Each structure stands twice: as C-alpha cells, then as structure tokens.
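Student: Could you take me through one part of this structure slowly? I'd like a close look at the charged side chains and how they pair up.

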Amino acid sequence: MASSAQVPNLFGSATSALPPTPAAHHDNIMSSSDAADALSCLLHRLPPTLSLPTRLPSPSSAAATSPPSLSLNDVFSCVSKLGYAQLTDHSVPSELANSAESEALALFDLSKEQKNSLFPKNWPLGYGGDDEDEDELAESFRFDSACSTESNELALFSLRKFARELEMLGLKIVDGLTKGLGNPLGDDPNRFCSVLWVSESLSGNKSGGFYPFVIGLQYQIRNLKYSLLSDSGWVSVLPHVDSILVTVGDIAQMWSNGKLKKVRGRPMATVGDENGSRCITMSLLITLPTDSRVAPLLPKATCNKEQKEEEVDEESNDGGEELEKRVFNSFDFEDYAWRVYHERIIFKDPLDRYRVA
C-alpha cells in the first residue's frame, strides 16, 4: 500500500527566512527605560477585550447533541437535510451487536504476525494501522459483508451476521433516498459492495482512514460521544444506546447532484486519556465496486412521439434532456477512493475538485 500523503504547507508558501538584523548604531538605540515606556503606551492603546487565542478548537470540545430519533419511514427526509440521524426503530438485536463486538475485540489481541497473515491487505480490505506506513492511523480491520478471512478456524459468526443485518438495513435506506433518481443500485448485487470497518478508538481522534460510501451505519452499543465532519463543520453527537447512527456519504451527495448533505468519513468516537478500557467502532459502509463510474443522477425530460418527430436534439440521444444544471463532473470511483483513503485527514471537501465551474 502506498504511504500516506505528506501534509502540505497550510499557509501557502514556504516560510521565508528572517530578515537580516540591522547594523547596530549607538545613536539610534533607545534606553531600556524609554523602550519600557513605549511598550506601556502601546499596550494601553489596545482594546480592553483583545486577547490572544490559546489553541485551535477541538472537534470533541463542542457540546454533544442527540441526533434526531427517527423510524425507518421518517429517516429519509432528515438525513437528506442534516447528513445524519439516529435510527431507533430497527430490527438489529442488541445481543447480536454485543456478540459481534466481543468477536471484534478479540482480533486486536492477536499478534502482529497473525493479524497480517489472517487478514492480508487487499485494498480496501484487510488489516492495517500498525506498521511503518500507517503509523498515524488507529488499528483497523476491513471486511467484506461475509467477513472473509484466510483461516477456516477463525469463525466470526456473530460479526458476519451483524454485517449482513446492517447491509440489508442500509440498502433499504439507499433505496428510499434515491427514489426518483433511477434506482442506481437496483437488485443487482454486483452494483454495490459493503465494507465492515472495525477500528480502534484512540484519544486524539485518530481515525482508521477514510473511504467513499453511499450510506454508513454504526450501532450504538454504549453511551459514547462521536465527532462528525458534516458539510457545515464539526458536530458532536451522542446517540441513544441501541440506536443506529446513519450518515450520508459523498457518493450519495454526488448522485443527488449536491442536494443531499453528507458526512465526511466515519464517525470518530471521543475517547479520553483517562479511559483505560479498549473502545472500538464497527461501521458498515454501503459503497461501490472499484470499477464503477460515479456521476450525478439527473432527471430527464421525456418527449412524446410528435415532439420527437418535430425536434431533433443531438444532445438528447440518451432519451431526454437534463432538467437541471449539473453540479459535479463524473469520475472513476477507484481513482477517487485511492486518493481519499491516502489523504488521511481531509482538510478540504474531496468533491470540490469535481464541481462544475
């Protein structure tokens, strides 16, 4: 796997060298008392409320709010406006989620050799986050929905069933969100794939990497606060226990031609240094095969037979003219996914480069 991209200079250009110190001229040097008087005069002229910033705000410092609690029938309108919501009316049993978490926790206790041999890297799947190339990432395991491994002796029954349950629920949400857009996934299993992302949560909001997705689902096993990077900025949320946090991804926003709000990456658990217990997150991402082409799904204007005979539109050979202006240009999913994954920290919306000028 390629190494992570180096962080660019955030201030635009290289730091300039300090100007040379002027030659000392005894006649122009103020005495220490004169300098103190000048400094005191300057400070008294400053506004009384002026203060220097102590540090940049942390995404975990904001007060946590509870996402809207919705049933499956109501979740579509909410996530389209906010980019996230919590689903309280679902069919995933809490016993299954706890059993899946127990199986997942045991994976982190394996030796490094076992992790690399049982879960070889087949990007984006496999084990990662504990080697020289990924020293800035939290440890993580990425599975397909079958939770496949290289060993028949490693049975992940609960984790596999848990992934299947979340996948079926996620496909229902995708179907509801994309109504009127031509049903991009349909009933063809080759048009989508799922990634179960099991990641260790560490203090400092270290993530296990980013990957493009349509819909993300994360079961709330215990009382835990999460940080989300939404289109409006960082949001701190505290979902109810046994609810499922639903997030809209970049691919869904692309399909909707910018109408849907999104969350960048997966929710990051807020973990303090004082917490000695291990904490992991299990996120199911409904995503696309790497050979997919991603484009806005725009409604088309249809013509009746008489209009087709009278008007010939050379740009409407696909059966109709687009009714709305295209916001994004199309792109190859694999190139986009590789770039997003290796950028690590997303300082800028990765879809910005595809916006129509």
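Tutor: Let's start with Glu 167, which is buried, because its relative accessible area is 10% and the cut-off for buried is under 20%. Keep in mind as we go that this is a predicted model. The partner of Glu 167 is Arg 164: the two form a salt bridge, and their closest N and O atoms are 3.8 Å apart. Both residues belong to helix H5, which covers residues 157-177, and they sit 3 residues apart, or about one turn of the helix. Arg 164 has a relative accessibility of 37%, so this residue counts as partly exposed. So what's behind a pairing of this kind? Side chains of opposite charge can pair when their charged atoms come close.

Now for a second pair. Lys 259 and Glu 324 also meet through their side chains in a salt bridge, at 2.7 Å from N to O. This pair links distant parts of the chain, with the two positions 65 residues apart. Lys 259 is in the loop between helix H6 (250-255) and strand E10 (263-269), while Glu 324 is in the loop between strand E14 (321-322) and strand E15 (331-332). Lys 259 is exposed, because its relative accessible area is 53% and exposed means over 50%. Glu 324, at 23%, is partly exposed.

Next, look at Asp 352, which has a salt bridge to Arg 355; here the closest N and O atoms are 3.0 Å apart. Asp 352 is partly exposed, with a relative accessible area of 28%, and Arg 355 is partly exposed too, at 36%. Elsewhere, Asp 231, Lys 262 and Asp 349 are joined into one network by salt bridges that share partners. How many salt bridges are there in total? The count comes to 8.

One more charged residue is worth a stop, this time for its polar contacts. Arg 142 is in strand E4, residues 140-143. With a relative accessible area of just 2%, Arg 142 is buried. What does the side chain of Arg 142 touch? One polar contact goes to the side chain of Ser 140, at 2.8 Å, and another goes to the side chain of Tyr 341, at 3.1 Å.

Notes:
Residues are numbered from 1 along each chain as its sequence is written. This is a predicted model: local features need pLDDT of at least 70, side-chain atom pairs count only at pLDDT 80 or more; totals for chains, interfaces and linings use all residues. Side-chain values use heavy atoms; hydrogens and water are left out. Helices (H or I, at least four residues) and strands (E, at least two) are DSSP runs, numbered from the N terminus. Buried means under 20% relative accessible area, exposed over 50%, partly exposed in between (1.4 Å probe, protein chains only). A polar contact is a pair of N or O atoms within 3.5 Å; within protein, one must be able to donate a hydrogen and the other to accept it, and residues adjacent in sequence count only if both atoms are side-chain atoms. A salt bridge is a side-chain nitrogen of Lys or Arg within 4 Å of a carboxyl oxygen of Asp or Glu.
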